[in-house]
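Student: I would like a close look at a single part of this structure. Please pick one helix and describe its geometry, its buried residues and what covers them.

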Amino acid sequence: EKRKSLPQKPDVPITSAEYEKQASESYKTTMAACPGCGRTFLPDRLEVHMRSCCPEKSETSAPAPAMGLGSSSSGSKAVAGAGPKMRTCYLCGMQFGKASLEIHERACKKKWDAANAAAPADQRKAMPEKPSAPLSSAEYEKQAYDSFQSTLAACPNCGRTFLPDRLEIHMRS
């Protein structure tokens, strides 16, 4: 059976700090680590997690021994800060996955054109330049970010930069 026995309540009167420490240690021993990513789960939830994390191991492997909250094994696949490669939109500064960026940029360009056309003539700006290809990922990010930064308007009082519609709100305060 995958379930463990309930942790025991201390018999001897102890301070709240000692109680918290013992309760935390007791809870940590009930956790099981995923052999794929090293994250810890309650044993009955580990099986569900393993179906999406490492499908080849979910049916054949038994849960790894408990490792405690927030710990990971040295052979862990998980890397801090690793995630999908995101690209910055040169128009709005938001980040999107590589596949979504082209779709977003088309919609963002239409939105930019509409907002720029609706703005008073003295507040209209030229369309920012799209970073030219081919660039390395870091070069593309820098050019896209710089292009977006050029669209921001500086406050004449404090010098902070804002999107043009947000500058009006900032100026009221």
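Tutor: What follows describes helix α4 and its setting in the chain. The model is a predicted one. The chain has six helices and six strands, and from the N terminus on these elements run α-β-β-α-α-β-β-α-α-β-β-α. Of the 173 residues in the chain, 25% are buried.

Helix α4 covers residues 98–118 and has 21 residues. At 1.5 Å a residue this helix should span 30 Å, and because its end C-alpha atoms are 30 Å apart, the two values agree. The expected span is 1.5 Å times one less than the number of residues. The helix also has a kink of about 25°, which is centred on His-104.

His-104 is itself one of the buried residues of α4. The others are Leu-101, Glu-105, Cys-108, Trp-112 and Asn-116. Buried here stands for under 20% relative accessible area. The cover over these residues includes two strands, β3 (86–88) and β4 (95–97), together with helix α5 (137–149).

One side-chain arrangement can be added to this picture. Arg-87 lies over the face of Tyr-140, at 4.7 Å from the ring centre. As for pairs of aromatic rings, the structure holds zero.

For the chain as a whole, residues 24 or more positions apart account for 37% of the contacts with a separation of 6 or more. The exposed area is about 12,500 Å², and carbon and sulfur atoms supply 55% of it.

Notes
Residues numbered from 1 in each chain as written. Predicted model: local features only at pLDDT ≥ 70, side-chain atom pairs only at ≥ 80, totals over all residues. Heavy atoms only, no water. Helix = DSSP H or I, 4+ residues; strand = E, 2+ residues; numbered from the N terminus. Buried < 20%, exposed > 50% of the residue type's maximum accessible area, 1.4 Å probe, protein only. Contact = heavy atoms within 4.5 Å. Areas by Shrake-Rupley, 256 points an atom, 1.4 Å probe, with all protein chains shown as cover. Phe/Tyr/Trp six-rings, centres within 6.5 Å; stacked < 30°, edge-to-face > 60°. Lys NZ or Arg CZ within 6 Å of the ring centre and 35° of its normal. Bend = angle between axes of the 7 residues up to and from the residue.
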